[in-house]
Each structure stands twice: as structure tokens, then as C-alpha cells.
Amino acid sequence: MFENLNIRLRRLDVGDIGLVKWACVVFGIVLAKFFPQLLQINYIVLVALMLVFSVRPTYKFWIKKAA
């Protein structure tokens, strides 16, 4: 299953990945409009979540050796 997804992912270029990121930003704005309580989350919690979510991609890009 994941091999098929990896094959499809290879078709994307940098522009496509950038558009996916912008779609995620807009999705976050839509969520904030539907659930205004989300805007009351403490900044420390948001920074901690950002760090947790960025550990694996940072490791794979900067630290892990290519196979």
C-alpha cells in the first residue's frame, strides 16, 4: 500500500508540495472560523506541537544518511 503511495508521491514537484502546504494553511483558517475556541490555545502549547511535529522531517532531511 505505501509503495503505491511512494510511486505517486514521486510525481509531485516542489510547486505541488508548496500548494499542499498552502491548502493546509487555509484548512487551518477554516477550522478556526468553525471553532473559535481553537484561537484561545496558549502559544506555548502551539510551539510545543510545532516542535513535536517537526522532529521526524528534520531528522530525515538533515541527520539521516541516504541509503
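**A nonpolar patch and a pocket**

Let me begin with helix 3, which gives the most to the nonpolar patch on the surface, contributing six residues. Please keep in mind throughout that what we have here is a predicted model.

The patch as a whole is formed by Val-26, Val-30, Phe-34, Phe-35, Leu-38, Ile-41, Tyr-43, Val-45, Leu-46, Leu-49, Val-52 and Phe-53, and together these residues have about 1,200 Å² of accessible area. Two helices, helix 2, running over 14–34, and helix 3, running over 43–63, each supply at least two residues of this patch.

I would like to look at two members of the patch individually. Phe-35 sits in the loop between helix 2 and helix 3, and because its relative accessibility is 43%, it counts as partly exposed. Val-30, by contrast, belongs to helix 2, and with a relative accessibility of 35% Val-30 also counts as partly exposed, since that class covers the range between under 20% for buried and over 50% for exposed.

Staying with helix 2, we can also consider Val-14, which lies in that helix and, at 73% relative accessibility, counts as exposed. How far apart in space are the C-alpha atoms of Val-14 and Leu-31, which are 17 residues apart along the chain? They are separated by 26 Å. Val-30 and Asp-13 are likewise 17 residues apart in sequence, and from C-alpha to C-alpha they are 26 Å apart in space.

Let me turn now to the pocket. Rolling a probe the size of a water molecule over the atoms shows where empty space is left. In this model, the largest pocket holds about 160 Å³ of space, and its lining is made up of Ile-41, Leu-46, Leu-49, Met-50, Phe-53 and Ser-54. Of these lining residues, five are nonpolar and one is polar, while none is charged. If you compare the two lists, you will find Ile-41, Leu-46, Leu-49 and Phe-53 both in the pocket lining and in the nonpolar patch.

Technical notes: Residues are numbered from 1 along each chain as its sequence is written. This is a predicted model: local features need pLDDT of at least 70, side-chain atom pairs count only at pLDDT 80 or more; totals for chains, interfaces and linings use all residues. Side-chain values use heavy atoms; hydrogens and water are left out. On a 1 Å grid over the protein atoms alone, a cavity is a set of points where a 1.4 Å probe fits but cannot get out, and a pocket is an open set with protein on both sides within 12 Å along at least five of seven lines; lining residues have an atom within 4 Å of a point. Grid points are joined across faces, edges and corners, and a volume is the space filled by probe spheres set on the points. Ala, Val, Leu, Ile, Met, Phe, Trp, Tyr, Cys and Pro count as nonpolar, Asp, Glu, Lys and Arg as charged, and the others, Gly among them, as polar. Patches are made of residues with over 30% relative accessible area and no salt bridge: like charges are joined within 9 Å, nonpolar side chains (Val, Leu, Ile, Met, Phe, Trp, Tyr) within 5 Å. Accessible areas come from the Shrake-Rupley method with a 1.4 Å probe; for residues, only the protein chains shown count as cover. A salt bridge is a side-chain nitrogen of Lys or Arg within 4 Å of a carboxyl oxygen of Asp or Glu. Helices (H or I, at least four residues) and strands (E, at least two) are DSSP runs, numbered from the N terminus. Buried means under 20% relative accessible area, exposed over 50%, partly exposed in between (1.4 Å probe, protein chains only).
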